[in-house]
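Me: I have a few questions about how the terms are applied here. Could you go through them with me?
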Amino acid sequence: MRIKVTALGLAGVLALAACGSSAEPKDSPVSLRMTIWTGNEAHLKLFNDIGAEYKKTHPNVSVKFDTLPVETYTTTLTTQIAGGNTPDLAWIFENSAPDFVSSGALAPLDNLVKPEEFVPSTTRLWQKDGALYAYPFSTSPFGVFVNADLLKQAGQSVPAKGWTWDEAVKIASAVQEKTGKAGLVVRDFDYKGWDNLASVWGGWGAEAWSEDGKVCGFTKPEMIEAMSFLHKAIFTDKAMPAPGTTADFFAGEAGMTITQISRASLLKDGPFDWDLVSLPSGPKGEYSVIGQAGIGVIKKSKNAQAAADFLSFFTNPDNSAKLAQFFPPPRQPLLTAESLAKSNPLLKPEQLQEVIVDGIADGRVKPSHAGQAELSQAVRAGLDQLWQPNADVATVMNGVCTAIQPMLAKR
């Protein structure tokens, strides 16, 4: 029977999928499939190289990395699990972590990494009752990539550590006015991925919901102030692209973009001079926001034991050091500017320390909640009213909380 994710809900689908796996014969051929979101050639080459290295000592095991469209990744993954096309391992975004971990869809990863090796902030989303259910594969703080050439054309300097959101808007507005290019782009937001705005509102100390997840935070003064600032930056200061307008920083179409270091590979042969700086400070001072992803073994997999063994190899210290070029690891010994510099030649040690090392130590993970898919749709629908020049911010925020508070209260 086909189970519709939209009707049953992510948590329900995963709960139905959380049945045991069958043990595979030790020496029989095993084909492992791991779903991922990225189709980046550099990412895939590195993944496949690690898979080929594993096969040297496990000749009966082959590994395939299956790229699913990022826009529908979680929906496609849960549909595959519910429909019997279960992958053995899966990349899981932070916003669906609570549903995957709480549902029982993932196999516990016993003894994968010694607990003391983890940076404490990296494991919170992936644990339940003291057990780890996904390896926090990528813990990547948001930073600001800067097109130094465009800023120079606009008579602006590359910002230094300690810059503010007021300065960011001033620089971005100047770029738009002087060059006709976009000023600042929050990558992957595009007036749809609202949770990426945490990289902005964190400067005001705002949160989508309370720490326990039961109280809506969109009507709090900090959030209204942050969203008012953002609205003004878009529609009055012209510092950010307006709805319906797109600009790709990595194609030279914007002065600055907020994103993670995994995007640095797009600048390897870039046509412009660039820099990377930390997020601007806001009224509440300096802050850091982390995007995170875990890799879990699907409990329903027929090859769960082999999958766990490959995951242990995929994330061992040597491979984690290689993967750190794109995906900062959760292991304390590897999270130093010196260690990260070995796999990140495009970034300076001071950038790695300021944006990555310090960011992971002090950062908060993007919003995540049980039933995130339903919540996200409701928040996005409510915020649609904000992306108009004459929107009343407080009224829109009240509407968002009216829509999601009943959902928060029952979870």
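Reply: Gladly! Let's start with burial: buried means under 20% relative accessible area, exposed over 50%, and partly exposed in between (1.4 Å probe, protein chains only). This is a predicted model, where local features need pLDDT of at least 70 and side-chain atom pairs count only at pLDDT 80 or more, while totals for chains, interfaces and linings use all residues. Residues are numbered from 1 along each chain as its sequence is written, and side-chain values use heavy atoms, with hydrogens and water left out.

Me: Why does Cys216 count as buried?
Reply: Its relative accessibility is 3%, and the limit for buried is under 20%, so Cys216 counts as buried. Cys401, with a relative accessible area of 10%, is buried too.

Me: What makes Cys216 and Cys401 a disulfide?
Reply: A disulfide is a pair of cysteine sulfur atoms within 2.5 Å. Here the S to S distance is 2.0 Å, so the pair fits.

Me: Why is this disulfide called left-handed?
Reply: Because the torsion about the S-S bond of Cys216 and Cys401 is about -80°. Cys216 lies in the loop between helix 8 (198-201) and helix 9 (221-235), and Cys401 in helix 15 (residues 393-409), so the disulfide ties together parts 185 residues apart in sequence. Helices here are DSSP runs (H or I, at least four residues), numbered from the N terminus.

Me: How do you know that the length of helix 3 agrees with its number of residues?
Reply: The expected span is 1.5 Å times one less than the number of residues. For the 17 residues of helix 3 (residues 41-57) that gives 24 Å, and the end C-alpha atoms are 25 Å apart, which agrees.

How values were computed. Helices (H or I, at least four residues) and strands (E, at least two) are DSSP runs, numbered from the N terminus.
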